[in-house]
Amino acid sequence: MTFAPRIPPLPLSDAAGVAAALRSRGGRLTQPRRQVLEALFAADGPVSAEYLAKGLGGTTTPVELTSVYRALENLEQLGVVRHTHFGHGPGLYALARSREREYLVCEQCDRVTAVDSALLDPIREQLRVSFGYRARFSHFPIVGLCDTCAQQHRAEEEQLGQSEDERSEQSEGKPSEQNEPAQPDEHTQQLHSHGHRAHSHARRTRSHEH
């Protein structure tokens, strides 16, 4: 399990601001760092290091993957970049905001919803009161079903319940085999017939003797 560094976010609006922040801490904005930053500013949301290395699918300049990881690590330690994990995939990176974004992820369709952290404060407070945890959902998101998938899931459950009810009704409507009288087979019928004739012959014999 990986952990996000507990460094205050440093929201910056452009690469020049990042360069100034790096210089104030004795660093510098190298070419790979600048290229990674340009890609993050151009991205619509959190992206993987691999996607950054490929230039966001051709929209920015490709960068060697190891250089991307080094740049991301350095920028995250600075507070400019944050990363999070959605499901079992690789970590995704985005620029830091003045208020950290937190996320909801649908476990069925993989839809990701960014949420202002203030909206999750009531949940955070309930967890603190009930369990003593001070939760945050910026590194690992809240996982569940989005509204669309939840409706589909309910419909499937209702359909499954109806099918089970129909099978149960059909089963109750069938006569039980245990309650049906057993039908004698041909051999049993022959034995009964033979026994009946023998009994009749014995009665006639006793009648003649008298």
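This short talk walks through a sheet, a cavity and a pair of helices in the structure shown above. Please keep in mind throughout that this is a predicted model.

Let me begin with the sheet. It is an open sheet of three strands, and if you read across it the order is β5-β4-β6, with mixed pairing. The edge strands, each of which pairs on one side only, are β5, covering 112-116, and β6, covering 142-144. On average, and with direction ignored, neighbouring strands of this sheet are turned by 25° against each other.

The mixed pairing can be followed strand by strand from β4, which spans residues 101-106. On one hand, β4 and β5 pair in the antiparallel sense over five bridges, and here you can find E102 standing opposite V115 in β5. These two strands, β4 and β5, form a hairpin with five residues between them, and in the turn D110 has a positive phi of about 65°. On the other hand, β4 and β6 run parallel and are joined by three bridges, with C106 placed opposite G144 in β6.

Strand β4 also takes us to the next topic, since it is one of the elements that give two or more residues to the lining of the largest cavity. How many cavities of 30 Å³ or more are there? The count comes to one, and the volume of the largest cavity is about 120 Å³. Its lining is made up of 15 residues, and those lying nearest its centre are R82, A94, R101, Y103 and S138. Besides β4, the elements giving two or more residues to this lining are β2 (81-85) and β3 (91-95), and it is β3 that provides the largest share, namely four residues. If we sort the lining of the largest cavity by class, we find eight nonpolar, three polar and four charged residues.

Finally, let us turn to two helices, α1 with residues 15-24 and α5 with residues 65-78, whose axes come within 11 Å and cross at roughly 75°. How should we describe their arrangement? Because angles of 65 to 115 degrees count as roughly perpendicular, α1 and α5 are roughly perpendicular to each other. On the α1 side the contact is made by V18, A21 and L22, and on the α5 side by N74, L75 and L78. By class, this contact of α1 with α5 has five nonpolar residues and one polar residue, and no charged residues.

That is where I will stop, and I am happy to go back to any of these parts.

Conventions. Residues numbered from 1 in each chain as written. Predicted model: local features only at pLDDT ≥ 70, side-chain atom pairs only at ≥ 80, totals over all residues. Heavy atoms only, no water. Pairing = 2+ DSSP bridges. Axes fitted to C-alpha atoms, helices over the stretch in contact; angles between N-to-C directions. 1 Å grid on protein atoms, 1.4 Å probe; cavity = no way out; pocket = protein on both sides within 12 Å on 5 of 7 lines; lining within 4 Å. Points joined across faces, edges and corners; volume = space filled by probe spheres on them. Nonpolar A, V, L, I, M, F, W, Y, C, P; charged D, E, K, R; others polar. Parallel < 35°, antiparallel > 145°, perpendicular 65-115°, else oblique. Contact = heavy atoms within 4.5 Å.
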